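Me: I should like to go through the helix packing of this model step by step. Please reason each point through before giving the result.

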Amino acid sequence: MREQEPRSREPEDFPEEVRSEVWADIAEARERTAFNLEAVWDAHGEDAEPLLSALAGARHRREEAEADIRRLVAYGREFTRPRPYKLADLANAAGMSISGVRTTYDHEEVAAVQHATGLKPRDWRATSPDDRSTA
């Protein structure tokens with residue numbers, strides 16, 4: 001028996017009360033966003049222009065996510081027993097190339113993971129990321 005492909009749902013496929021509720025939720029979310037942006041503008045004046053503040057916040061979140069990825073890769077390569085995760089598996093999970101995974105972390109991230117977990121790294125002898133094993 002052949003599986004049917006899921007059918008695209010158009011707004012007209014839903015009852016009017018559902019559509020009205022969705023539109024009301026969207027309008028409310030837009031109003032909240034506008035209110036929040038105006039509140040930032042009112043509180044900080046031209047020194048905190050809402051769009052630029054939102055962009056700076058997004059950049060900060062991206063930088064934090066990238067730092068998390070570096071620490072997680074360091075954990076996967078330097079702290080797991082009995083052997084490190086494979087570079088290919090980490091690359092796939094992180095959306096990076098194998099060489100990107102190999103060079104994404106250094107002594108700083110290893111020290112941060114050690115401090116956070118209390119674990120001891122497997123054998124941090126390498127003086128540079130290029131000296132590490134590719135196992």
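Reply: This is a predicted model. A suitable starting point is helix H5 (residues 107-117), whose buried residues pack against H2.

Me: Which residues of H5 are buried, and how are they arranged about the axis of H5?

Reply: Buried residues have under 20% relative accessible area. In H5 this class consists of Glu 109, Val 110 and Val 113. Viewed down the axis of H5, these buried residues fall within an arc of 100°, so they line one face of the helix.

Me: Which residues of H5 are exposed on the other side?

Reply: An exposed residue has over 50% relative accessible area. On the side of H5 opposite the buried one, the exposed residues are Glu 108 and His 115.

Me: How are the axes of H2 and H5 oriented with respect to each other?

Reply: Two packed helices are described by the angle between their axes and the distance between the axes. For H2 (residues 50-78) and H5, the axes come within 9 Å and cross at roughly 80°. Angles of 65 to 115 degrees count as roughly perpendicular. H2 and H5 are therefore roughly perpendicular.

Me: How do the residues of the contact of H2 with H5 divide into nonpolar, polar and charged?

Reply: From H2, the contact involves Arg 70, Arg 71, Ala 74, Tyr 75 and Glu 78; these meet Glu 109, Val 110, Ala 112 and Val 113 in H5. The residues of this contact divide into five nonpolar, no polar and four charged.

Me: Which residue caps the N-terminal end of H5?

Reply: The cap is identified from a side-chain oxygen that lies 2.9 Å from the backbone nitrogen of Glu 108. The residue that contributes this oxygen, and so caps H5 at its N-terminal end, is Asp 106.

Me: Which residues of H3 are buried, and what is included in their cover?

Reply: The buried residues of H3 are Leu 87, Leu 90 and Ala 91. Seen down the axis of H3, they fall within an arc of 100°, so they line one face of the helix. The face of H3 turned away from this buried side carries the exposed residues Asn 92 and Ala 93. The cover of the buried residues includes H2 and helix H4 (98-103).

Me: Why does Ala 94 count as partly exposed?

Reply: Ala 94 lies in helix H3 (residues 87-94). Buried means under 20% and exposed means over 50%, with partly exposed in between. Ala 94 is partly exposed because its relative accessible area is 24%.

Me: What is the C-alpha to C-alpha distance between Ala 94 and Leu 72?

Reply: Ala 94 and Leu 72 are 22 residues apart in sequence. In space, their C-alpha to C-alpha distance is 9.4 Å.

Methods: Residues numbered from 1 in each chain as written. Predicted model: local features only at pLDDT ≥ 70, side-chain atom pairs only at ≥ 80, totals over all residues. Heavy atoms only, no water. Axes fitted to C-alpha atoms, helices over the stretch in contact; angles between N-to-C directions. Helix = DSSP H or I, 4+ residues; strand = E, 2+ residues; numbered from the N terminus. Parallel < 35°, antiparallel > 145°, perpendicular 65-115°, else oblique. Contact = heavy atoms within 4.5 Å. Nonpolar A, V, L, I, M, F, W, Y, C, P; charged D, E, K, R; others polar. Buried < 20%, exposed > 50% of the residue type's maximum accessible area, 1.4 Å probe, protein only. Arc of directions from axis to C-beta. Polar contact = N/O pair within 3.5 Å; in protein donor to acceptor, adjacent residues only side chain to side chain.
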